[in-house]
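User: I would like to go through the bound ligand and the metal sites of this protein. Please take the questions one at a time.

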Amino acid sequence: MANQGAVTIERHIIEQQQDFPEATGDFSALLYDIAFAAKMISREVNKAGLVDILGLTGRENVQGEQVQKLDEFANEIIFKAMDHTGRLCCLASEEEDDIIPIPKEFKTGKYVLLHDPLDGSSNIDANVSIGTIFSIQRKISSGERGTIEDCLQPGSRQVAAGYIIYGSSTMLVYTAGKGVFGFTLDPSVGEFLLSHRDIKEPKRGKIYSCNEGNYNKWDDNLRRYIDYLKSDRNANGKPYKSRYIGSLVADFHRNLLYGGVFLYPADAASKNGKLRLLYEANPLAFIAEQAGGYASNGRERILDIQPESLHQRTPLIIGSYEDVKEAERFIAGEQE
Ligand code: AHG
Ligand code: MN
Ligand code: MN
């Protein structure tokens, strides 16, 4: 029995559920549905480079079907894996303007799924790691079908959150509020196997990750912070390493394991960030905090922000606890 020690994601979810005798199993099944969708997306992502070789011409494939963009495809896979299960009351996705209702013919359930189906999609053609990010909230509206009210809940109310990274291997990382667990897809058996138990992020990192091409658009305090990280008067006594992939999931994942700070700050002029609160910042903030890290918009805790609209953007500073807190002090002008 060579595989006796291998913990599949299914077994892990069942074991976790034993701590909640009142659980109906819906939540565990929902996580399992996500893992299934992730495997389907992973398969397509791995084939992406073969599209031209396999005779797909222009925007049509061999069956004469339109070739979809991978992010639309991923969006559809997730919806199809979820629409009929009776576990969700509605969904929201970075790819769709409005909330996504459950079709009338199917039953609804007590959870909401908010997701970025494919994150870092501009990197696909260069074979750079990309990801999927998800957030699960509990339904709070009183009607049978979900409403926007169910989607616009602060991140602190998330029931679970996670991401899948399609990298040198495919990994699923998630939290349900009791630590962070990572699973690596074994493609030979098609199972996610527990590979990272109770992930903890170092309190202080040695890496900073941001698009420094935007340096001239940032305000002085933020520029002072970046200058400080590059100097040897910082808390580590030597310059931080700069690492920026441009795929949030991949940048976040590396920093989660090694320690570090990721920043996508606001421009001084617009005061707005690029990343989306509901599909990107909230789920990753939940994971960061569960791993002992922190996430801020520069002034307040990401998880405390009351969302006002589905596609709301936010500045995001996330990663090692001491680093994010220090960034906040610089932004407030309390440290130079
Ligand atoms: P998405 O592909 O879902 O639209 O997200 C892209 C995001 C994120 O993955 C990354 O951190 C950021 O855009 C990179 O932005 P810049 O190219 O401005 O650095
Ligand atoms: Mn994204
Ligand atoms: Mn996306």
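The questions below cover the ligand shell, the two metal sites and one strand residue, all in a predicted model.

User: How many residues surround ligand 1, and which are the closest?
Analyst: The shell around ligand 1 has six nonpolar, five polar and six charged residues. The closest are Asp119, Gly120, Tyr244, Tyr264 and Lys274. The number of residues that surround ligand 1 is 17.

User: Which strand gives the most residues to the shell around ligand 1?
Analyst: Strand 3 (111-119), strand 11 (261-264) and strand 12 (275-276) each supply at least two residues of this shell. With three residues, the one that gives the most is strand 3.

User: Where does ligand 1 lie with respect to domain 1 and domain 2?
Analyst: Domain 1 covers 9-196 and domain 2 covers 207-331. Residues from both domains are part of the shell, so ligand 1 lies between domain 1 and domain 2.

User: What share of the accessible area of ligand 1 does the protein cover?
Analyst: Oxygen atoms of ligand 1 have polar side-chain atoms beside them: one of Asp116 at 3.0 Å, and one of Tyr244 at 2.5 Å. An N or O atom in the side chain of Tyr264 is also 2.5 Å from a ligand 1 oxygen. On its own, ligand 1 has 470 Å² of accessible area, and the share covered by the protein is 81%.

User: Which residues coordinate the manganese ion (ligand 2)?
Analyst: The donors follow the spacing D-x2-D-x160-E along the chain. They lie at 1.9 to 2.2 Å, through OD atoms for the two Asp residues and OE for the Glu. The residues are Asp116, Asp119 and Glu280.

User: How many residues apart are Asp116 and Glu280?
Analyst: Both residues coordinate the manganese ion (ligand 2). Asp116 is in strand 3 and Glu280 is in helix 7 (residues 277-290), so the pair links distant parts of the chain, and the separation is 164 residues.

User: Are Asp116 and Glu280 buried or exposed?
Analyst: A residue counts as buried under 20% relative accessible area. Asp116 has 0%, and Glu280 has 1%. Asp116 is therefore buried, and Glu280 is likewise buried.

User: Which protein donors does the manganese ion (ligand 3) have?
Analyst: The donors follow the spacing E-x21-D-x1-L. They lie 2.2 to 2.4 Å from the ion, and the Leu donates through its O atom. The donors are Glu94 (OE), Asp116 (OD) and Leu118 (O).

User: Why does the pair Glu94 and Leu118 tie together parts of the chain, and how many residues apart are they?
Analyst: Glu94 lies in the loop between strand 1 (88-93) and strand 2 (100-101), while Leu118 lies in strand 3. Glu94 is buried at 17% relative accessibility, and Leu118 is buried at 1%. Because the pair sits in these two elements, it ties together parts whose separation in sequence is 24 residues.

User: Which residue coordinates both manganese ions, ligand 2 and ligand 3?
Analyst: The two ions are 3.7 Å apart. One residue is a donor to ligand 2 through OD and to ligand 3 through OD. The residue that coordinates both is Asp116.

User: What is the C-alpha to C-alpha distance between Leu91 and Ile78?
Analyst: Leu91 is found in strand 1 and is buried, with a relative accessible area of 0%. Leu91 and Ile78 are 13 residues apart in sequence, and their C-alpha to C-alpha distance is 9.8 Å.

Methods. Residues numbered from 1 in each chain as written. Chains lettered and ligands numbered in written order. Predicted model: local features only at pLDDT ≥ 70, side-chain atom pairs only at ≥ 80, totals over all residues. Heavy atoms only, no water. Near = heavy atom within 4 Å. Polar contact = N/O pair within 3.5 Å; in protein donor to acceptor, adjacent residues only side chain to side chain. Areas by Shrake-Rupley, 256 points an atom, 1.4 Å probe, with all protein chains shown as cover. Helix = DSSP H or I, 4+ residues; strand = E, 2+ residues; numbered from the N terminus. Nonpolar A, V, L, I, M, F, W, Y, C, P; charged D, E, K, R; others polar. Domains from an automatic or database assignment. Donors = N, O, S within 2.8 Å, 3.2 Å for Na, K, Ca; no water. Buried < 20%, exposed > 50% of the residue type's maximum accessible area, 1.4 Å probe, protein only.
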